[in-house]
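User: Let's go through this one by asking what earns each label. Where do we start?

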Amino acid sequence: MVELLFWPAVLAYGEAAVAYAGNVRYPGLGRLAIWGVRIGWLVQTCLLILQAERAEAFPWDTWAGSLNLFVWLMVGGYLIWGCKPRYRLLGLAVMPVAAVFLVASYLGGGTDTAGSRDVSTVFLVLHVGFVLAAFAALSLAAALGGLYLWEERALKLRRPGLLRLRAPSLLTLEQLGLRTVFVALPLLTLGMVAGFVHGASLDPQIILTLAVWALFAAFVVVRPRGRRAAYLELAGFVLVLAALLGLLVTHLS
(Lines give C-alpha, C1' and ligand atoms only; values in the text may rest on other atoms or scores of the structure.)
Protein backbone atom coordinates (compact mmCIF):
# COMPACT_ATOMS: atom_id res chain seq x y z
CA MET A 1 0.00 0.00 0.00
CA VAL A 2 2.86 2.39 0.79
CA GLU A 3 4.40 1.92 -2.67
CA LEU A 4 1.00 2.46 -4.27
CA LEU A 5 1.06 5.95 -2.75
CA PHE A 6 4.76 6.66 -3.25
CA TRP A 7 4.91 6.24 -7.02
CA PRO A 8 1.93 8.51 -7.84
CA ALA A 9 3.46 11.20 -5.61
CA VAL A 10 6.82 10.96 -7.40
CA LEU A 11 5.17 10.95 -10.82
CA ALA A 12 3.06 13.99 -9.93
CA TYR A 13 6.11 15.90 -8.64
CA GLY A 14 8.07 14.89 -11.73
CA GLU A 15 5.23 15.98 -14.01
CA ALA A 16 5.13 19.33 -12.21
CA ALA A 17 8.89 19.81 -12.64
CA VAL A 18 8.69 19.06 -16.39
CA ALA A 19 5.62 21.24 -16.85
CA TYR A 20 7.26 24.14 -15.00
CA ALA A 21 10.28 23.85 -17.30
CA GLY A 22 8.00 23.85 -20.32
CA ASN A 23 6.07 26.80 -18.94
CA VAL A 24 9.08 29.03 -19.60
CA ARG A 25 8.43 28.67 -23.34
CA TYR A 26 4.75 27.71 -23.29
CA PRO A 27 3.00 29.56 -20.43
CA GLY A 28 -0.14 27.41 -20.68
CA LEU A 29 1.70 24.49 -19.05
CA GLY A 30 1.76 26.29 -15.72
CA ARG A 31 -1.73 25.05 -14.88
CA LEU A 32 -0.71 21.44 -15.45
CA ALA A 33 2.31 22.01 -13.23
CA ILE A 34 0.39 23.37 -10.27
CA TRP A 35 -2.11 20.52 -10.45
CA GLY A 36 0.80 18.11 -10.39
CA VAL A 37 2.07 19.82 -7.25
CA ARG A 38 -1.34 19.69 -5.58
CA ILE A 39 -2.01 16.05 -6.43
CA GLY A 40 1.51 14.95 -5.49
CA TRP A 41 1.33 16.73 -2.13
CA LEU A 42 -2.08 15.26 -1.32
CA VAL A 43 -0.88 11.76 -2.21
CA GLN A 44 2.27 12.22 -0.13
CA THR A 45 0.09 13.43 2.74
CA CYS A 46 -1.84 10.15 2.55
CA LEU A 47 1.51 8.32 2.51
CA LEU A 48 2.65 10.06 5.70
CA ILE A 49 -0.69 9.40 7.39
CA LEU A 50 -0.40 5.71 6.50
CA GLN A 51 3.14 5.60 7.90
CA ALA A 52 2.03 7.27 11.13
CA GLU A 53 -0.90 4.87 11.47
CA ARG A 54 1.15 1.72 10.94
CA ALA A 55 4.27 2.70 12.88
CA GLU A 56 4.59 1.81 16.54
CA ALA A 57 6.91 4.80 17.07
CA PHE A 58 8.01 7.97 15.27
CA PRO A 59 8.49 6.83 11.63
CA TRP A 60 10.65 9.73 10.36
CA ASP A 61 13.66 9.60 12.69
CA THR A 62 16.04 8.08 10.09
CA TRP A 63 17.80 10.21 7.47
CA ALA A 64 15.58 8.79 4.72
CA GLY A 65 12.42 9.26 6.74
CA SER A 66 13.45 12.82 7.58
CA LEU A 67 14.01 13.48 3.88
CA ASN A 68 10.49 12.23 3.15
CA LEU A 69 9.02 14.60 5.74
CA PHE A 70 11.27 17.45 4.54
CA VAL A 71 9.93 17.14 1.00
CA TRP A 72 6.34 17.23 2.24
CA LEU A 73 7.00 20.35 4.33
CA MET A 74 8.84 22.13 1.51
CA VAL A 75 6.14 21.46 -1.08
CA GLY A 76 3.44 22.37 1.42
CA GLY A 77 5.19 25.66 2.11
CA TYR A 78 5.48 26.35 -1.61
CA LEU A 79 1.74 25.77 -2.07
CA ILE A 80 0.98 28.64 0.31
CA TRP A 81 1.72 31.12 -2.47
CA GLY A 82 2.87 28.91 -5.34
CA CYS A 83 -0.64 28.53 -6.77
CA LYS A 84 -0.47 32.13 -7.99
CA PRO A 85 0.64 32.37 -11.65
CA ARG A 86 3.45 34.85 -10.95
CA TYR A 87 5.18 32.37 -8.62
CA ARG A 88 5.28 29.53 -11.12
CA LEU A 89 8.93 30.22 -11.88
CA LEU A 90 9.61 29.44 -8.23
CA GLY A 91 8.17 25.97 -8.82
CA LEU A 92 10.90 25.38 -11.39
CA ALA A 93 13.42 25.57 -8.54
CA VAL A 94 11.35 23.68 -5.95
CA MET A 95 9.78 20.73 -7.73
CA PRO A 96 12.86 19.07 -9.29
CA VAL A 97 14.47 19.09 -5.83
CA ALA A 98 11.29 17.65 -4.30
CA ALA A 99 11.11 14.82 -6.85
CA VAL A 100 14.80 13.89 -6.53
CA PHE A 101 14.74 14.00 -2.73
CA LEU A 102 11.59 11.89 -2.54
CA VAL A 103 13.19 9.21 -4.71
CA ALA A 104 16.32 9.32 -2.55
CA SER A 105 14.13 8.92 0.53
CA TYR A 106 12.45 5.87 -0.98
CA LEU A 107 15.77 4.27 -1.91
CA GLY A 108 16.97 4.80 1.65
CA GLY A 109 13.87 3.24 3.19
CA GLY A 110 12.13 6.50 4.04
CA THR A 111 8.69 5.07 3.31
CA ASP A 112 9.05 2.25 5.85
CA THR A 113 6.79 2.23 8.89
CA ALA A 114 9.41 1.31 11.47
CA GLY A 115 10.27 3.98 14.01
CA SER A 116 12.64 4.65 16.85
CA ARG A 117 11.72 3.29 20.25
CA ASP A 118 14.86 4.51 21.99
CA VAL A 119 13.74 8.11 22.52
CA SER A 120 10.57 9.94 23.39
CA THR A 121 8.13 10.42 20.53
CA VAL A 122 7.31 13.88 21.88
CA PHE A 123 10.99 14.80 21.69
CA LEU A 124 11.23 13.57 18.11
CA VAL A 125 8.13 15.50 17.08
CA LEU A 126 9.55 18.70 18.58
CA HIS A 127 13.16 18.27 17.51
CA VAL A 128 12.82 16.64 14.09
CA GLY A 129 9.55 18.39 13.22
CA PHE A 130 10.70 21.93 14.01
CA VAL A 131 14.16 21.51 12.47
CA LEU A 132 12.80 20.04 9.24
CA ALA A 133 10.10 22.70 9.02
CA ALA A 134 12.82 25.35 9.37
CA PHE A 135 14.99 23.65 6.75
CA ALA A 136 12.03 23.51 4.36
CA ALA A 137 11.34 27.22 4.86
CA LEU A 138 15.01 28.11 4.35
CA SER A 139 15.04 26.05 1.15
CA LEU A 140 12.11 28.12 -0.11
CA ALA A 141 13.98 31.28 0.86
CA ALA A 142 16.93 30.06 -1.22
CA ALA A 143 14.60 29.43 -4.18
CA LEU A 144 13.34 33.01 -3.82
CA GLY A 145 16.93 34.23 -3.70
CA GLY A 146 17.81 32.30 -6.82
CA LEU A 147 14.76 33.69 -8.63
CA TYR A 148 15.77 37.19 -7.50
CA LEU A 149 19.26 36.84 -9.02
CA TRP A 150 17.88 35.39 -12.25
CA GLU A 151 15.28 38.13 -12.63
CA GLU A 152 17.75 40.88 -11.82
CA ARG A 153 20.09 39.59 -14.52
CA ALA A 154 17.22 39.27 -17.00
CA LEU A 155 16.22 42.88 -16.34
CA LYS A 156 19.78 44.10 -16.88
CA LEU A 157 19.96 42.19 -20.17
CA ARG A 158 16.48 43.44 -21.10
CA ARG A 159 15.24 40.03 -22.07
CA PRO A 160 11.90 40.46 -23.87
CA GLY A 161 10.38 37.23 -22.53
CA LEU A 162 10.47 38.37 -18.90
CA LEU A 163 7.20 40.26 -19.09
CA ARG A 164 5.50 37.24 -20.64
CA LEU A 165 6.51 35.12 -17.62
CA ARG A 166 4.78 37.54 -15.20
CA ALA A 167 7.44 37.06 -12.52
CA PRO A 168 7.13 38.85 -9.15
CA SER A 169 8.95 42.15 -8.72
CA LEU A 170 12.43 42.17 -7.22
CA LEU A 171 11.12 43.99 -4.15
CA THR A 172 8.43 41.34 -3.64
CA LEU A 173 10.97 38.53 -3.88
CA GLU A 174 13.30 40.29 -1.45
CA GLN A 175 10.58 40.93 1.13
CA LEU A 176 9.11 37.45 0.85
CA GLY A 177 12.55 35.90 1.30
CA LEU A 178 13.11 37.97 4.43
CA ARG A 179 9.72 37.00 5.86
CA THR A 180 10.42 33.34 5.16
CA VAL A 181 13.69 33.54 7.09
CA PHE A 182 11.88 35.28 9.94
CA VAL A 183 9.49 32.31 10.15
CA ALA A 184 12.23 29.69 9.82
CA LEU A 185 14.64 30.98 12.47
CA PRO A 186 12.27 30.59 15.49
CA LEU A 187 11.33 27.09 14.29
CA LEU A 188 14.99 26.14 14.01
CA THR A 189 15.68 27.60 17.45
CA LEU A 190 12.87 25.59 19.04
CA GLY A 191 14.04 22.41 17.35
CA MET A 192 17.61 22.92 18.51
CA VAL A 193 16.54 23.71 22.07
CA ALA A 194 14.50 20.49 22.14
CA GLY A 195 17.56 18.58 20.99
CA PHE A 196 19.91 20.07 23.56
CA VAL A 197 17.40 19.63 26.39
CA HIS A 198 17.23 15.96 25.50
CA GLY A 199 21.02 15.75 25.61
CA ALA A 200 21.94 15.76 21.92
CA SER A 201 25.67 15.35 21.29
CA LEU A 202 27.75 17.49 18.91
CA ASP A 203 27.70 15.17 15.91
CA PRO A 204 28.25 16.48 12.33
CA GLN A 205 24.56 17.08 11.79
CA ILE A 206 24.21 19.15 14.97
CA ILE A 207 27.32 21.19 14.15
CA LEU A 208 26.02 21.97 10.66
CA THR A 209 22.61 22.85 12.07
CA LEU A 210 24.33 25.29 14.43
CA ALA A 211 26.10 26.80 11.41
CA VAL A 212 22.73 27.24 9.66
CA TRP A 213 21.31 28.90 12.77
CA ALA A 214 24.30 31.24 13.13
CA LEU A 215 24.14 32.31 9.48
CA PHE A 216 20.46 33.17 9.56
CA ALA A 217 20.61 34.72 13.02
CA ALA A 218 23.18 37.11 11.55
CA PHE A 219 20.91 37.52 8.52
CA VAL A 220 18.01 38.63 10.74
CA VAL A 221 20.22 41.05 12.68
CA VAL A 222 21.92 42.61 9.66
CA ARG A 223 18.92 42.38 7.29
CA PRO A 224 20.90 42.45 4.02
CA ARG A 225 19.21 43.72 0.90
CA GLY A 226 19.19 42.81 -2.75
CA ARG A 227 21.88 40.55 -4.16
CA ARG A 228 23.63 40.17 -0.82
CA ALA A 229 20.47 38.76 0.77
CA ALA A 230 19.94 36.40 -2.18
CA TYR A 231 23.50 35.07 -2.00
CA LEU A 232 23.20 34.49 1.76
CA GLU A 233 19.94 32.61 1.26
CA LEU A 234 21.61 30.37 -1.31
CA ALA A 235 24.60 29.86 1.00
CA GLY A 236 22.17 28.87 3.73
CA PHE A 237 20.63 26.27 1.45
CA VAL A 238 24.08 24.76 0.87
CA LEU A 239 24.43 24.43 4.64
CA VAL A 240 20.96 22.89 4.88
CA LEU A 241 21.95 20.28 2.31
CA ALA A 242 25.15 19.64 4.24
CA ALA A 243 23.14 19.23 7.45
CA LEU A 244 20.85 16.71 5.78
CA LEU A 245 23.93 14.86 4.54
CA GLY A 246 25.31 15.04 8.08
CA LEU A 247 22.17 13.25 9.22
CA LEU A 248 23.03 10.45 6.80
CA VAL A 249 26.61 10.31 8.09
CA THR A 250 25.35 10.14 11.69
CA HIS A 251 22.92 7.37 10.74
CA LEU A 252 25.63 5.29 9.09
CA SER A 253 28.19 5.71 11.87
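Analyst: With burial: a residue is buried under 20% relative accessible area, exposed over 50% and partly exposed in between (1.4 Å probe, protein chains only). As for ground rules, this is a predicted model, where local features need pLDDT of at least 70 and side-chain atom pairs pLDDT 80 or more, while totals for chains, interfaces and linings use all residues. Residues are numbered from 1 along each chain as its sequence is written, and side-chain values use heavy atoms, leaving out hydrogens and water.

User: Why does Asn23 count as buried?

Analyst: Asn23 has 9% relative accessibility, which falls under the 20% cut-off, so the label is buried. Asn23 lies in helix H1.

User: What makes the pair of Asn23 and Gly30 a polar contact?

Analyst: A polar contact is a pair of N or O atoms within 3.5 Å; within protein, one must be able to donate a hydrogen and the other to accept it, and residues adjacent in sequence count only if both atoms are side-chain atoms. Here the backbone nitrogen of Gly30 lies 2.9 Å from a polar atom of the Asn23 side chain, so the distance fits the limit.

User: Which elements does the chain have?

Analyst: There are 9 helices and 0 strands, where helices are DSSP runs of H or I with at least four residues, strands are E runs of at least two, and numbering goes from the N terminus. In order, that reads α-α-α-α-α-α-α-α-α. Of the 253 residues, 49% count as buried.

User: Why are H1 and H4 called roughly antiparallel?

Analyst: Their axes cross at roughly 150°, and angles over 145 degrees count as roughly antiparallel (under 35 is roughly parallel, 65 to 115 roughly perpendicular, the rest oblique), so H1 and H4 get that name. The axes are lines fitted to C-alpha atoms, for helices over the stretch in contact, and the angle, between N-to-C directions, runs from 0 to 180 degrees. H1 covers residues 2–23 and H4 residues 88–107, with axes that come within 8 Å. The crossing is left-handed, meaning the near helix is turned anticlockwise from the far one by less than a right angle; clockwise would be right-handed.

User: Which residues make that contact?

Analyst: Contact means heavy atoms within 4.5 Å. On H1 they include Phe6, Trp7, Tyr13 and Asn23, and on H4 Leu92, Met95, Leu102 and Tyr106 are among them. The class split is 17 nonpolar, 3 polar and 2 charged. Ala, Val, Leu, Ile, Met, Phe, Trp, Tyr, Cys and Pro count as nonpolar, Asp, Glu, Lys and Arg as charged, and the others, Gly among them, as polar.

User: What makes H7 and H8 oblique?

Analyst: H7 (residues 170–197) and H8 (residues 204–222) pack at about 140°, with axes 10 Å apart. That angle belongs to none of the named ranges, so H7 and H8 are oblique. Their crossing is left-handed. Leu188 and Phe196 in H7 and Trp213 and Phe216 in H8 are among the residues that meet. By class the contact has 15 nonpolar, 2 polar and no charged residues.

User: How do you know that Ser105 is buried, and what does Ser105 touch?

Analyst: Ser105 has 0% relative accessibility, under the cut-off, so buried is the call. Ser105 sits in H4 and, leaving out residues up to four places away in sequence, touches Ala64, Leu67, Asn68, Gly110 and Thr111. A polar atom of the Ser105 side chain is 3.5 Å from the backbone nitrogen of Asn68. Leu67, in helix H3 (residues 63–82), is 38 residues from Ser105 in sequence but 5.7 Å away in space, C-alpha to C-alpha. Leu67 counts as buried at 9%, and also touches Phe101, Ala104 and Leu244.

User: Buried or exposed: what are Gly129 and Arg223?

Analyst: Neither label fits. Gly129, in helix H5 (residues 121–157), has 21% relative accessible area, so this residue is partly exposed. Arg223 has 48%, so the label is partly exposed there too. Arg223 is in the loop between H8 and helix H9 (226–252), with a positive phi of about 55° although it is not a glycine.
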